[in-house]
Amino acid sequence: MSQHINVFEMAQSQLRATARHLDGLTPGLIDVLAMPMRQLTVNFPVVMDDGSVRVFQGYRVQHNSSRGPTKGGIRYHPEVDIFETSALAMWMTWKCAVANIPYGGAKGSIKLDPKQLSDRELERLTRRYATEINIILGERSDIPAPDVGTNPQTMAWIMDTISMQRGQTSLGVVTGKPIELGGSLGRVEATGRGVVVTAEEACKIMNMKLEGARVAVQGFGNVGSVAAKLIEDMGAKVIAVSDARGGIYRKDGLPIAKELYGRYAGRDGSLADYKDADQITNEDLFGLDCDILIPAALSASITKENAGKVKAKLVVEGANGPLTPDADAILEDKGILVCPDILANAGGVVVSYFEWVQDLQNFFWDEDEVNVKLEKLMRHSFGAVRSTMEQHKTNMRTAAMIIGVKRVAEATMVRGIFP
Ligand code: NAD
């Protein structure tokens, strides 16, 4: 628990550090931004398959709605709590502001291990949780999406539950839905695509060629596998990928699109079955001689213990918070450019935004249109972060935070404090 209180304190101290770069942020305004505007805790019963009743605890936290309705995923994990959920909601606010999409940040969670429930139990749990938090959800107020432990099916259950209660089909109440139900083409690949566009832009400012660059990717789930496939497609050589059980390495490049993506992507722990490459550990992967490292698995994967051995010239954060603050400082001292999560992995929420726009208009775009708009927005955000780096003489993480906090602070000030 104390560790999670620290995650929220960490988010608050990042905000306070950023505020020092910004003129005109009064202590009162910083206090407004440092706290979530609404935290809902729900304790609710679920009938299990054996007839017994279990009570679960869940949360929905809305951090700030100055720029628009709040937006953020729902996580099912045994270690979530109100502090971690609040920190994640705050980071969503900055991420949406950096991408300049008209949302504030939110996050939801239920404390449980979803692998221990049957599909029928998960459906009952999800429908009851959606009912409990429905009082603060809505397509114009707060729009959930999938996160760790949830998926498009979970979103379909939430959308159906809310639609049943309102007596009308409400496609826009959640994003990350199945395509048959108002989901957007391009959503599944969106985060990985955004990561690769970010890597491409970063290579340009480093005068490094993406073509032929050696890339290592930690995590072969949604973000990591798509990033590996798309960066290979752009001419880079993916020399290593890993999942929860370990990784595989081939100096001359792994056949991502040809063999690995179709067979192993998203199949936790299965890479160990691939025999045409050397087996390595996740720790080995971080120390590989490569040009680009993409951590796309867990938070706090690179710490002060292993940051010293990173040899990549560029790190692009596919995961949320894969570097601890200590690791961040070590990489900076080594001259490694780090593209931060709130910029690099924003592709998912950007295409969630496109999904919501399509749902509200009942007018759906083809996949090319989604991808072109996503890439344009990612490149534009990257350009803004780069100019801010130069203007404030800071690293890329601080520059992204400066943009995010400034946009939210300005919106809050222009709206004024009600009443
Ligand atoms: P996922 O569950 O699809 O994949 C996670 C991958 O990490 C799997 O390959 C898993 O085997 C691997 N993994 C788990 N434990 C590991 C360990 N100890 N060492 C190495 N690998 C390990 O999840 P995802 O959707 O790809 O998300 C990955 C990260 O990206 C998370 O931090 C998530 O919050 C973040 N993110 C995801 C999205 C999205 O749209 N999916 C958007 C923004 C950020």
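Let me start at Leu-122, which sits in helix α4, the helix that covers residues 119-133. This is a predicted model, and in it Leu-122 counts as buried, with a relative accessibility of 14%, since the cut-off for that word is under 20% relative accessible area. Trp-157 is 35 residues away from Leu-122 along the chain, and yet the C-alpha atoms of the two residues are separated by 9.8 Å.

From that helix I would like to move to the sheet. Five strands, or 5 if you are reading along, make up an open sheet with mixed pairing, and their order is β1-β2-β4-β3-β5. In general, the strands of a sheet pair through backbone hydrogen bonds, and they can do so in a parallel or an antiparallel way. Which strands stand at the edges? They are β1, residues 38-47, and β5, residues 142-146, and because each has a single partner strand, one side of each is left without a neighbour in the sheet. On average, and with direction ignored, neighbouring strands here are turned by 25 degrees against each other.

If we look at the β5 edge in particular, β5 pairs with strand β3, residues 70-77, in the parallel sense, and this pairing runs over 5 bridges. As one example of a residue with its partner, Ile-74 has Pro-146 of β5 as its bridge partner.

Now to the cysteines, where the question is how many disulfides the structure holds, and the count is 0. Cys-203 is in no disulfide, and the nearest cysteine sulfur to it, that of Cys-339, is 8.8 Å away. Why is there no bond for Cys-339? Its sulfur is 8.8 Å from the closest cysteine sulfur, in Cys-203, and this is too far for a bond, because a disulfide needs two cysteine sulfur atoms within 2.5 Å. As for exposure, Cys-203 is buried, with a relative accessible area of 2%, and Cys-339 also counts as buried, at 0% relative accessibility.

Last, I come to the second largest pocket, which holds about 290 Å³ of space. The elements that contribute two or more residues to its lining are β2, residues 53-64, and α14, residues 396-415. Among the lining residues are Val-32, Met-35 and Met-37, then His-63, Asn-64, Ser-65 and Ser-66, and, further along the chain, Thr-412, Arg-415 and Phe-418. Sorted by class, the lining of this second largest pocket has 5 nonpolar, 6 polar and 1 charged residues.

Terms used:
Residues numbered from 1 in each chain as written. Predicted model: local features only at pLDDT ≥ 70, side-chain atom pairs only at ≥ 80, totals over all residues. Heavy atoms only, no water. 1 Å grid on protein atoms, 1.4 Å probe; cavity = no way out; pocket = protein on both sides within 12 Å on 5 of 7 lines; lining within 4 Å. Points joined across faces, edges and corners; volume = space filled by probe spheres on them. Helix = DSSP H or I, 4+ residues; strand = E, 2+ residues; numbered from the N terminus. Nonpolar A, V, L, I, M, F, W, Y, C, P; charged D, E, K, R; others polar. Buried < 20%, exposed > 50% of the residue type's maximum accessible area, 1.4 Å probe, protein only. Pairing = 2+ DSSP bridges. Axes fitted to C-alpha atoms, helices over the stretch in contact; angles between N-to-C directions.
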